[in-house]
Amino acid sequence: MTVGIPIGRIWPVPPAESLTDATLTELYARADRPHLRVNFVSSLDGAVSVDGYSAGLSGEPDKRVFGLLRMLCDALLVAAGTLRHEGYRALRLDERRRAWRRERGLPEYPTLVVVSGSLDLDPAQAAFADAPVRPLVLTRAEAAPPPGLTEVAELIPCGTGRVDLAAGLAELRRRGLDQLLCEGGPQLFGALTAADLVDELCLTVTPLLAGAGPGRITAGPPSPPRRLPLRHALAAEDGTLLLRYARDQPPPPEAPRPATR
């Protein structure tokens with residue numbers, strides 16, 4: 001007799017064909033309305049990094065979805081601290097993924113969007129200097145850019161005293177950047193959650209105990225809990241779990257009916 005919430009098994013299961021890139025693209029498809037997706041990887045015990053970097057948690061299954069989500073987005077949102085610490089390079093895609101975007105009328109490359117209140121950014125970093133599309137920087141109205149930054153990036157003032165994320169995202173969408181992907185870091189994820197701007201979380205759980213020390217995937221002041229229903233759970237043969245949670249979308253508005261006499 002089943003009692004309470006049913007529990008089903010996703011792995012191990014009988015052998016089945018592995019998911020193709022086309023099937024994964026359908027599972028992580030672009031939304032039909034403005035949408036902010038967050039992508040993170042975590043250890044079993046909740047660590048966001050190993051030896052200070054997320055790369056220690058990311059295996060082949062995570063890298064595969066990581067690249068797919070970049071292909072699907074209009075803009076990639078990242079905090080300045082993460083950009084510096086993780087050594088972000090230029091946001092480029094291989095020819096196959098660029099072709100996928102061209103076939104759907106999208107620009108060949110997504111736009112890099114950096115969130116920085118202090119503008120402590122290096123214009124010579126490859127993420128800026130080698131970018132195929134001019135990056136955008138969401139910042140405070142009073143922040144002073146370092147020499148050379150405005151030559152490689154466009155600054156978007158949004159907020160005084162701190163970066164107003166809601167205003168920044170609204171400006172991105174005004175520019176046609178509706179499908180946003182955020183790769184962190186934890187402080188930015190926490191701020192987006194507090195502002196109730198997160199529509200989806202893609203979470204890779206790596207079968208690893210990282211031990212005490214590293215922080216969680218979210219950080220910052222406490223905020224109200226936000227419920228996100230599970231949309232799918234995928235399992236790789238190495239034990240990696242690929243989880244997708246997304247909020248319920250309101251139904252699209254009905255088209256106006258013609259007047260009748």
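The following exchange concerns a predicted model.

Visitor: Is strand β3 buried or exposed?
Guide: Strand β3 spans residues 111-115, and 5 of its 5 residues are buried. The strand is therefore largely enclosed by the rest of the structure. Its state is buried.

Visitor: Which residues of β3 point the other way from Thr 111, Val 113 and Val 115?
Guide: In a regular strand, side chains alternate between the two faces of the sheet. In β3, Thr 111, Val 113 and Val 115 point one way, and every one of them is buried. Pointing the other way, and also buried, are Leu 112 and Val 114.

Visitor: What is the bridge partner of Val 78 in β3?
Guide: Strand β2, residues 75-79, pairs with β3 in the parallel sense over 5 bridges. Within β3, the partner of Val 78 is Val 114.

Visitor: Which residue of β4 is the bridge partner of Val 113?
Guide: Strand β4 covers residues 136-139 and runs parallel to β3, with 3 bridges joining the two. The partner of Val 113 in β4 is Leu 136.

Visitor: Why does Thr 111 count as buried?
Guide: Thr 111 lies in strand β3. Its contacts beyond four places in sequence include Asp 74, Leu 91, Arg 134 and Leu 177. The cut-off for buried is under 20% relative accessible area. Thr 111 counts as buried because its relative accessibility is 11%.

Visitor: Which element supplies the largest share of the lining of the largest pocket?
Guide: The largest pocket holds about 940 Å³ of space. Among its 33 lining residues, those closest to the centre are Ser 54, Phe 66, Arg 70, Tyr 88 and Glu 183. β1 (35-43), α2 (60-72) and α3 (80-85) each supply at least two lining residues. The largest share, 5 residues, comes from α2.

Visitor: How many residues of the lining of the largest pocket are charged?
Guide: The lining divides into three classes, of which the nonpolar one has 13 residues and the polar one 11. The number of charged residues is 9.

Visitor: How many residues apart are Asp 21 and Arg 96?
Guide: Asp 21 forms a salt bridge with Arg 64, with the closest N and O atoms 2.9 Å apart. The side chain of Asp 21 also meets that of Arg 96 in a salt bridge of 3.5 Å, N to O. This latter pair links helix α1, which holds Asp 21, to helix α4 (residues 95-103), which holds Arg 96, and the separation in the chain is 75 residues.

Visitor: What is the relative accessibility of Arg 140?
Guide: Arg 140 and Glu 142 meet through their side chains in a salt bridge of 2.7 Å, N to O. Glu 142 is partly exposed at 41%. Arg 140 is likewise partly exposed, and its relative accessibility is 21%.

Key. Residues numbered from 1 in each chain as written. Predicted model: local features only at pLDDT ≥ 70, side-chain atom pairs only at ≥ 80, totals over all residues. Heavy atoms only, no water. Buried < 20%, exposed > 50% of the residue type's maximum accessible area, 1.4 Å probe, protein only. Helix = DSSP H or I, 4+ residues; strand = E, 2+ residues; numbered from the N terminus. Pairing = 2+ DSSP bridges. Contact = heavy atoms within 4.5 Å. 1 Å grid on protein atoms, 1.4 Å probe; cavity = no way out; pocket = protein on both sides within 12 Å on 5 of 7 lines; lining within 4 Å. Points joined across faces, edges and corners; volume = space filled by probe spheres on them. Nonpolar A, V, L, I, M, F, W, Y, C, P; charged D, E, K, R; others polar. Salt bridge = Lys/Arg side-chain N within 4 Å of Asp/Glu carboxyl O.
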